[in-house]
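Reader: Could you take me through this structure, beginning with one residue and its surroundings?

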Amino acid sequence: MTLPPGCAPLGVTGGIFMASGAGRRGAFEFTGGWREFAPIAFSNLLLSIVTLGIYIFWARTRERQYLWSRTRFIDDRLEWTGTGFELFLGYVFAFFLFVIPFALLNLILQGILMRGHPGAAAVLGLFLYLLLMYLTGVAIFRALRYRLSRTFWHGIRGGADSQGLAFGWSYLWRTVTGTLVLGLLIPWSMTSLWNERWDAMSFGPHRFDANASSDRIFLKFLLFYLVPFIVFIGSIIAALLVAGFTSAASAGDPIDPRAMNVILPVIMLLIYGFAIGLIAMTYYAAYFREVVGKLTLGGLEFEFDAQTWDWIKLYLGNIGLVIVTLGIGRIFLGYRNWAFFIRHMKAYGELNLDDFTQSTTRLPGQGEGLLDAFDIGAF
Amino acid sequence: MPLTSARSEAARPGLHVWHYDGVSGVKQQRLLKIHDDAFRLISPDGAWESYAFADLIARDTQDGGAVFALKKRPGWRIGFAGAVPEEIAEHLPRVRRYGGLIDRVGLWRSSFVFAVLAAGAITLFLRTPAAVARAVPPSLERKLGDLMVGDFGHRACAGPGGPEALAAMLQRIDPKDRTLDVRVVNLPIVNAVTLPGGKIVIFNRLLQEARTPEEIAGVLAHEIGHVRHHDVMESLLRQLGLSVLLGGLDGKVGGYTNTLLAATYSRDAEARADGYALDALNQAGVSPEPMAQFFRRMAGGEMKGEGAARIMTYFSTHPMSEDRARRFDQAARGHGGYRPVLDADAWAKLRAICSSDPDAEKPGFRF
């Protein structure tokens, strides 16, 4: 009797040991290829266009089915079991429950303002803003919970018992607190919120445990405060260079000051974008290494090893792809991001399959509607 | 066939499959055997469970082998290694690719059908607002206008003689309608807007930039044209309809009100409003020629670039072209007997409607 592939040494025995050191396969592996993915991406694009975007929910599902199925963790691949219909339903719910009431409240707000009650308008505006922030927190939590609950590995799924309503409050006050003191508490608010939502998540019988700390990323966060100085000094240098070039080129003619009025802001904007982008990459790379590195599940520890330069390459690649293909390359961004994410994920430790049993968390009924409505990404 | 029919069901060789039961994460091996419309999964110790083929759901293939899930049993999977023998394959459901409906019809055919439906939906969405806008009762429209702007609080100007001059101008251009509500608002914007419910707002800066009362009369007649043609409601409904229609692509909470307020009209609507204005001016004996000069002055850039106050100009909402100016010029030809729309005294009072009103709030953004 021959065993089907994949059944052999690991299946029936319990404990799995992994060490993702040199010479061995890592715990995570992405086995997809863009040629294999292209037919999915292009048919998704076609169907999304002819259905005026409604197919986007089914398109996203097909994309995830492919990406998950080409992601091996230890000895078996992941499986995405979400459906396009539940994503669609989630969006419709969110639209009627939140988007339309918000639009109406906004209209009333304008009315109050135009009638000359700035005080009342400010109160209502602040209330709307805080409510939106609360709902954003709930949306982030629920999207993560939905994604885990639809991800299967070894026939076992993840999930969370909490509905995310408490996380919404946490998100609200921590985000507000984070912006106090010149934003110095932002790293703390980001890591503590990550810890709180991942601590609520589980996979199979095991709870995730997140212990990220803002200490190790704080110095990199301080780089953001250098931006004004970089822009100021960079602009002066650039202005001098431009002045030098143009006067050299026009051989004696003074530079048109109006041309300078246009060139200088463009240079400043470029330097600003470049500095912000570079620092954001540095900070975000450190943040992601920290939060994933302090995450455990049962006997498993995780690690994310992408450095700043890896993130820059990813983003430059993404931007280049979109520009060179005149925008059509957008359909490959999800693929690129996922491949990047999986390639840099590592896991160590031990998982005993004998007590790796089905999740007992409640299955959420619909998808990431709220998140879609507010147009924000998960993680 | 005698050989196979002689064999008993139990003696048939089963097929090895891998199996997750959805309860434990341990990958198991089972022997799959057909049993009428059902199949049995037999474990190595001989115990078996029976399942209906109809309850299977095809999942993606894995390493070339088909994988199936079971209805109402999350995580339950069986997977074949390599090709599945015909006698089993004929019982198995097909893989869903694009979605149930599209798989049945085929990708290209369903794309074509969707494209036709989409074209129909877009046409419907572009046509319907005009019809609906005409059906909206005036009282409802007025309420909507009130909701959006109210009476502008202290921004509306009422300097001595100003409102009377405005009323006189309105009376000349449009003697019949009493429901129009025209106000001057103290904001440094060279523009005039029409809001739902026959509310027309002229911004103070426009009054200051105008050289003759006829220019203001022309702008006013143009805005009355928008009121008569229900252009505001139509534009609002169209924006709303499009944002719902395209909601699947990009749904954002913010920006809705901005869309509402920044609602612009189509070129057709502008041309129709111009046509209405020309008729109204000629019937009222007001020369449309200054309006043409006004257009040329605006288009010539004479009024551009004087600081941030000019960011919102007439251009942003009213496409400017030499054609429009020419149309007003031509309308003036062959007509005679134009009389001034306001005398010099009334015109001076109208222009000072904000500066002479101590209650009018000064321009500036305090919100």
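Author: A285(A) touches A306(A), Q307(A), T308(A) and W311(A), leaving out residues up to four places away in sequence. Contact here requires C-beta atoms, placed from the backbone, within 7 Å. This is a predicted model, in which local features need pLDDT of at least 70 and side-chain atom pairs count only at pLDDT 80 or more, while totals for chains, interfaces and linings use all residues. Residues are numbered from 1 along each chain as its sequence is written, and chains are lettered from A and ligands numbered from 1 in the order in which they are written.

Reader: Which helix holds A285(A)?

Author: A285(A) belongs to helix α10 (residues 257-293) of chain A. Helices (H or I, at least four residues) and strands (E, at least two) are DSSP runs, numbered from the N terminus.

Reader: Is A285(A) buried or exposed?

Author: A285(A) counts as buried because it has 22 C-beta neighbours inside 10 Å. A residue is buried if 20 or more other C-beta atoms lie within 10 Å of its own, exposed if 12 or fewer, and partly exposed in between.

Reader: And how many residues separate A285(A) from A306(A) in sequence?

Author: They are 21 residues apart in sequence, and their C-alpha atoms are 6.6 Å apart in space.

Reader: Let us turn to the core. Which residues touch the most other members of the largest nonpolar core?

Author: Those are W194(A), M201(A), A210(A), V291(A) and L295(A), in a core of 78 residues. A nonpolar core is a set of buried Ala, Val, Leu, Ile, Met, Phe, Trp, Tyr and Cys residues joined through C-beta atoms within 7 Å. Helix α5 (residues 118-149) of chain A gives the most to this core, namely 9 residues.

Reader: What is L295(A) in contact with?

Author: Setting aside neighbours within four places in sequence, L295(A) contacts W198(A), F208(A), A210(A) and F302(A). Another core, of 54 residues, lies apart from the largest one and has A133(B), M169(B), A210(B) and A360(B) among its members.

Reader: M169(B) interests me. Which helix pair does M169(B) help to bring into contact?

Author: The pair is helix α6 (residues 162-173) and helix α8 (residues 213-228) of chain B, packed at an angle of about 60° with their axes 10 Å apart. Axes are lines fitted to C-alpha atoms, for helices over the stretch in contact, and angles run from 0 to 180 degrees between N-to-C directions. The angle therefore makes α6(B) oblique to α8(B). Angles under 35 degrees count as roughly parallel, over 145 as roughly antiparallel, 65 to 115 as roughly perpendicular and the rest as oblique. The contact is formed by M169(B), L170(B) and I173(B) of α6(B) with P213(B), A217(B), L220(B), A221(B) and I224(B) of α8(B).

Reader: What classes of residue make up the contact of α6(B) with α8(B)?

Author: There are 8 nonpolar, no polar and no charged residues. Ala, Val, Leu, Ile, Met, Phe, Trp, Tyr, Cys and Pro count as nonpolar, Asp, Glu, Lys and Arg as charged, and the others, Gly among them, as polar.

Reader: Back to chain A. At what angle do α11(A) and α12(A) cross?

Author: Helix α11 (residues 308-324) and helix α12 (residues 333-343) of chain A cross at roughly 165°, their axes coming within 11 Å. That makes α11(A) roughly antiparallel to α12(A). L314(A), G317(A) and N318(A) of α11(A) meet L333(A), R336(A) and F340(A) of α12(A). By class, this contact has 3 nonpolar, 2 polar and 1 charged residues.

Reader: Finally, how many helices and strands does chain A have?

Author: Chain A has 13 helices and 12 strands, and 35% of its 379 residues count as buried.

Methods:
Two residues are in contact if their C-beta atoms, placed from the backbone, lie within 7 Å.
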